[in-house]
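Q: I would like to learn how to read features from a model like this one. Can we take them one at a time?
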Amino acid sequence: MPHWMTSAGKAMNRVDALAALMEYRVIFFGERHDSRTDHAGELAALSGLADRDPNLALALEMFERDVQDDVDAYLRGEIPEGVFLDRARPWPNYREDYRPLVEFAKERGIPVIAANAPRRMAAATARDGRIFAASPGMEQAGRPRTVHSDSDAYYSRFAAAVSKMPAAAPMKGMSVEGLYRAQVLKDAVMAAALEPFLDRRIFFCCGHFHSDFRLGVPCQLQKNHPALKIAVVTGFEVWRDLPEGDRPRIADFIWVGE
């Protein structure tokens, strides 16, 4: 089975896929958070791009903006890994799925962007229904200058996803509009996190909902930088499960895996 495909389903070998990715300034890899196949694809893409571009930057949804100083300190070797993990609030699957990316970046001297909105910021927006709703101790660092929330397509996809959540899901009883605004705020914060690094090529790992169909973070970034060349990668399982008419639109490249 090939490692890569075009969104139309045409097989690509690794060399051709990486050459194609090198045509873009920002490359989003939309993962399923519980997919080892997708995580293997992220590491494969990161290492291949780093071999071709020593000025690469890595951005991760999995760290929030307010731990950037701790990420930087760990990458510089100023704090040990245990202190870093205590401070940086890593996701439960960090050791298996994201540590290889961070350690690769540390070894190669690649900056790592802690891109996501702090949880308390998103939670305040979800509860209040207003973008930038106040929350106790909420910092202004990382607050985006613009938030684009006018995508009917993104709202429809988001509302449909919320409607399919189990009845016991924590977000199930909350306002869809408030949850959507929190989602859009996260996207805008993640797009804003890239601003200081747009003179580099950026490889961005995020949940696929944040990048599929070039909605979410790519949409926020593209509206602020219309000429920016952005590529989206999604996993084979996501691509395969779509109606055939939607498959060519979801991403530019499909990671298939071993």
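Q: Which residue follows α4, and what is the sign of its phi?
A: The model is a predicted one. Arginine 89 comes after α4, and the phi of arginine 89 is positive, near 50°.

Q: Which residues of α4 are buried?
A: Burial is read from relative accessible area, with under 20% as the cut-off. In α4, which spans residues 81-88, the buried residues are Glu81, Phe84, Leu85 and Ala88. These residues lie on the same side of α4, because the arc they cover around the axis is only 95°.

Q: What covers the buried residues of α4?
A: The cover includes one strand and two helices: β4 (57-64), α3 (68-75) and α5 (94-108).

Q: How many helices and strands does the chain have?
A: The chain has 11 helices and 8 strands.

Q: What share of the residues in the chain is buried?
A: Of the 258 residues, 52% are buried. The exposed area of the chain is about 11700 Å², and 52% of that area is supplied by carbon and sulfur atoms. The two percentages refer to separate quantities: one to residues, the other to area.

Q: What share of the contacts joins residues 24 or more positions apart?
A: Among contacts with a separation of 6 or more, 71% are between residues 24 or more positions apart.

Q: How many disulfides does the structure hold?
A: The general idea is that a disulfide covalently bonds the sulfur atoms of two cysteines. This structure holds 0 disulfides. Cysteine 205 is in none, and the nearest cysteine sulfur to its own belongs to cysteine 206, 7.7 Å away. Cysteine 206 is likewise in no disulfide, with the sulfur of cysteine 205 as its nearest at 7.7 Å. The cut-off for a pair of cysteine sulfur atoms is 2.5 Å, so this pair does not qualify.

Q: Are cysteine 205 and cysteine 206 buried or exposed?
A: Cysteine 205 has 0% relative accessibility and therefore counts as buried. Cysteine 206 is also buried, its relative accessible area being 0%.

Q: How much space lies in the second largest pocket?
A: The second largest pocket holds about 230 Å³ of space.

Q: Which residues line the second largest pocket?
A: A lining is read as a list of residues, which can then be placed on the helices. Here the list comprises Ala153, Arg157, His208, Phe213, Leu215, Val238, Leu242, Pro243, Asp246, Arg249 and Ile250. At least two lining residues come from each of α7 (152-163) and α11 (247-250).

Conventions: Residues numbered from 1 in each chain as written. Predicted model: local features only at pLDDT ≥ 70, side-chain atom pairs only at ≥ 80, totals over all residues. Heavy atoms only, no water. Helix = DSSP H or I, 4+ residues; strand = E, 2+ residues; numbered from the N terminus. Buried < 20%, exposed > 50% of the residue type's maximum accessible area, 1.4 Å probe, protein only. Contact = heavy atoms within 4.5 Å. Areas by Shrake-Rupley, 256 points an atom, 1.4 Å probe, with all protein chains shown as cover. Arc of directions from axis to C-beta. 1 Å grid on protein atoms, 1.4 Å probe; cavity = no way out; pocket = protein on both sides within 12 Å on 5 of 7 lines; lining within 4 Å. Points joined across faces, edges and corners; volume = space filled by probe spheres on them.
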